[in-house]
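Open the model in your viewer and keep the sequence panel beside it. The stops below each say what to select and what is there.

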Amino acid sequence: MIKAKFTNKTKEAIYERDWYCCIICGKNTNLHFHHCKFGTDSNYSSTRNDVSEWVTICAEHHLEVHWCSKGEGARQKCIDYINNL
């Protein structure tokens, strides 16, 4: 897996778009960035570090996202959020 490397400007744009809150529960503490594509879908994409590929989520939901199966729960909520922007 390729670790995300994006600028502070990009991070700020993600936070601003998501109102500095978890897109799932609305919490504004202990926030993480989460890439909405998984596995090989994201590793080699030329748009991997674009604002449109990331969401802001809290630590609790970030853990949940990585335990969900494709198309389920918090993981799907992140994908739906990005697709509906």
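A contact here means heavy atoms within 4.5 Å. Among contacts between residues at least 6 apart in sequence, 65% join residues at least 24 apart. Keep in mind that this is a predicted model.

**Stop 1: the whole chain**

Select everything and colour by secondary structure. The protein chain has 4 helices and 2 strands. Starting at the N terminus, the order is α-β-α-β-α-α. Now switch on the surface. The accessible surface comes to about 5,500 Å², and carbon and sulfur atoms hold 53% of that area. Of the 85 residues, 34% count as buried.

**Stop 2: the two strands**

Select β1 and β2. They pair in the antiparallel sense, over 5 bridges. To see how the register falls, pick His-32: Ile-57 in β2 stands opposite.

Now keep β2 alone. How many of the residues of β2 are buried? The count is 5 of 5, so to speak a mostly covered strand. In a regular strand the side chains alternate between the two faces of the sheet. Check both faces in turn. Trp-54, Thr-56 and Cys-58 lie on one side, Val-55 and Ile-57 on the other, and all of these are buried.

**Stop 3: the nonpolar core**

Next, show side chains for the largest nonpolar core, which has 11 residues. Select Cys-22, Leu-31, Cys-36, Val-55, Ile-57, Cys-58, Val-65, Cys-68, Ala-74, Cys-78 and Ile-82. Which elements give two or more residues to this core? They are β2 (54-58) and α4 (73-83).

Stay in the core and centre on Cys-22. Leaving aside residues up to four places away in sequence, Cys-22 touches Lys-27, Leu-31, Thr-56, Ile-57, Cys-58 and His-61.

**Stop 4: the cysteines**

Colour the sulfur atoms. The count of disulfides is 0. Zoom to Cys-36, which is in no disulfide. The nearest cysteine sulfur is that of Cys-78, 5.1 Å away.

Why is there no bond from Cys-78 to Cys-36? A disulfide needs the sulfur atoms within 2.5 Å. The sulfur of Cys-78 is 5.1 Å from that of Cys-36, the closest cysteine sulfur, and this is too far for a bond.

Are these two residues buried or exposed? Cys-36 has 8% relative accessibility and counts as buried, because the cut-off is under 20%. Cys-78, at 0%, is buried by that cut-off too.

**Stop 5: the aromatic cluster**

Last, select Tyr-15, Tyr-20 and Phe-33, which ring pairs link into a cluster. There are 2 aromatic pairs in the count. Turn the view to Tyr-15 and Tyr-20. Their ring centres are 5.5 Å apart and their planes are at 15°, so this pair is stacked. Tyr-20 is partly exposed, at 37% relative accessibility.

Then swing to Tyr-15 and Phe-33. This pair is tilted, with 4.8 Å from centre to centre and 40° between the planes. The pair links distant parts of the chain: Tyr-15 belongs to helix α1 (residues 8-17) and Phe-33 to strand β1 (residues 31-35), 18 residues apart. Is Phe-33 buried or exposed? Phe-33 is buried, with a relative accessible area of 19%.

Technical notes:
Residues are numbered from 1 along each chain as its sequence is written. This is a predicted model: local features need pLDDT of at least 70, side-chain atom pairs count only at pLDDT 80 or more; totals for chains, interfaces and linings use all residues. Side-chain values use heavy atoms; hydrogens and water are left out. A nonpolar core is a set of buried Ala, Val, Leu, Ile, Met, Phe, Trp, Tyr and Cys residues joined through side-chain atoms within 4.5 Å. Buried means under 20% relative accessible area, exposed over 50%, partly exposed in between (1.4 Å probe, protein chains only). Rings of Phe, Tyr and Trp (its six-membered ring) pair if their centres lie within 6.5 Å; planes under 30 degrees apart count as stacked, over 60 as edge-to-face and the rest as tilted. Accessible areas come from the Shrake-Rupley method with a 1.4 Å probe; for residues, only the protein chains shown count as cover. Two strands pair if DSSP finds at least two bridges between them.
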